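Here is a short briefing to read alongside the sequence and the model. Please keep the 3D view open as you go through the points.

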Amino acid sequence: LFPNNGILNIDGTADFIINSTSATTSGRVDEMSPNFSMTGNIDVRRFLPAGVSGNRNMSSPVLGGVLSQWDADIEISGTGFPDGCAYGDDGCYFSVKQYENLAFIDVTNINEPLVSGEGYEVYLGTDTVVFDGATITTTGTLRPSTDLVVSVPRNGWSIQGNPYASPILFSTLTKQNNIGDYFYVYDAVTGGYQWYDGSSNTSSTPELANGILAMGQGFWAFNSNVNTSYTITYKQSDKTSNTATFIRTSGVDESVYLTMKEEGTTYSCIVNVDFSDRAYDNHDSLDVMHLTTGLEKASSLMINSNGGMLRKQFLYNDSRDKTLDMSINILNEGYFTIDAANLDNFERYSNVTLIDNLTGDVINLKKMNHYAFCAYEGESQRFQLVLSNKKVEHNNTSVFESGINDNELAITQIGNSINIESEETLEGITEINIFNLLGQEVIY
């Protein structure tokens, strides 16, 4: 629909529908001229692709929508709601949440108005494992041609929402100082938040390439100022005809990235490192802060900085050695892997080395871009990433002079890797050398 001029009157008995029938096919309302106006309601349909059950970030594409409209198409849990309650350890679970003052607030009224420009965390699931997909309908009036100004609270994160019945470009939104030029969207498949970085036009997943926000898409924005709320301004000119598909289901990031995966699951977390002439080696405004809300299911890999935890860090574009401290926050005890990709982008460094501070392992990722390890629940500064043209040597090691009985070892295979644990108590770092039947050392 191209609302350039005139008045559109929609009869109360008529159905005027902006339809979305698949992840790649969707109607939309183009940039609205001040010379256009309308009366009456329209139905805006939003396709939600099938996938795993879990949270999605959603918003209303019209004025006047209410939560009960979504309840007709998806299961919504809450006390007194038509679909009833899904019960957990804390009683009835409310599957739609707002985020205010750095905390989630349950939406407890099925007729709650959906606020234009605000995002919601919505749990979607046919059961606790699978979501079969759906098309939800929101009924109301289109936003007028005037700009919408939305506040981003001070000192932290908030859920914003695309207010239009059209995809929009994050890069063209007017963001006041101290609002990060990046956003996050929850991804149920990886169990955490995927990001788009406007300063480099890169993203952690292809679905967010070029910073396109789908119709009805909620997203997380960050205000770094501890004292003042700032604003994001949505304009009709922010609309785009490009297809946006992300409610999980370019410029995909070409920097070096490390992906930590939990074995036996689809959960993962990506950390990226890039260079810029505008960056500092310490934390600066180009970097993408790490987002955690407590709803994510995946464990996290993060870069430590003087300004907080990061998911993407820009380093100053010189050839000096760099060392990054990296932390993990493990939600589920088990086995994990770290894979490095795009290492050819670091041509200036002959060695990109991952150091495991717990085990003492030193891995040159340019020679072996895969590392497997065991971790227990909790947060720790587990790793260092060293960029250098010098070879990083092993730390001093202790060697067993005598053999260990089999019952003192726990040996577990993780893909092509082997994890060996011992209850033997030694001070310092232990090195275990493994030899084949010919006496040749095969792992070192």
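The second largest pocket holds about 420 Å³ of space. In this predicted model, its lining is made up of 17 residues. After the pocket, the briefing turns to a small sheet, a buried asparagine and two asparagines in loops.

**The second largest pocket**

- Which residues lie nearest the centre of the second largest pocket? They are A86, Y93, S95, Y123 and T128.
- By residue class, the lining of this pocket divides into seven polar, six nonpolar and four charged residues.

**A three-stranded open sheet**

- Strands 2, 4 and 13 form an open sheet, in the order 2-4-13, with mixed pairing.
- Its edges are strand 2, covering 17-18, and strand 13, covering 134-140, and each of these pairs on one side only.
- Strand 2 runs parallel to strand 4 (residues 42-48), and the two are paired over two bridges.
- If you would like a residue pair to look for here, I18 stands opposite V44 of strand 4.

**N364 and its surroundings**

- N364 belongs to strand 32, which spans residues 362-364.
- Is N364 buried or exposed? It counts as buried, because its relative accessibility is 16% and the cut-off for buried is under 20%.
- The side chain of N364 makes a polar contact with the side chain of N351, at 2.6 Å.
- N351 is also one of the residues in contact with N364 once neighbours within four places in sequence are left aside; the full set is S350, N351, V352 and T353.

**Two asparagines with positive phi**

- N155 has a phi near 60°, which is a positive value in a residue other than glycine.
- Where does N155 sit? Its place is in the loop between strand 14 (148-152) and strand 15 (156-161).
- With a relative accessible area of 37%, N155 is partly exposed.
- N178 also has a positive phi, near 80°, and is likewise a residue other than glycine.
- The loop that holds N178 lies between strand 17 (174-175) and strand 18 (182-187).
- N178 is partly exposed, because its relative accessible area is 32%, and partly exposed covers the range between the buried limit of 20% and the exposed limit of 50%.

Methods:
Residues are numbered from 1 along each chain as its sequence is written. This is a predicted model: local features need pLDDT of at least 70, side-chain atom pairs count only at pLDDT 80 or more; totals for chains, interfaces and linings use all residues. Side-chain values use heavy atoms; hydrogens and water are left out. Helices (H or I, at least four residues) and strands (E, at least two) are DSSP runs, numbered from the N terminus. Buried means under 20% relative accessible area, exposed over 50%, partly exposed in between (1.4 Å probe, protein chains only). On a 1 Å grid over the protein atoms alone, a cavity is a set of points where a 1.4 Å probe fits but cannot get out, and a pocket is an open set with protein on both sides within 12 Å along at least five of seven lines; lining residues have an atom within 4 Å of a point. Grid points are joined across faces, edges and corners, and a volume is the space filled by probe spheres set on the points. Ala, Val, Leu, Ile, Met, Phe, Trp, Tyr, Cys and Pro count as nonpolar, Asp, Glu, Lys and Arg as charged, and the others, Gly among them, as polar. Two strands pair if DSSP finds at least two bridges between them. A polar contact is a pair of N or O atoms within 3.5 Å; within protein, one must be able to donate a hydrogen and the other to accept it, and residues adjacent in sequence count only if both atoms are side-chain atoms. Contact means heavy atoms within 4.5 Å.
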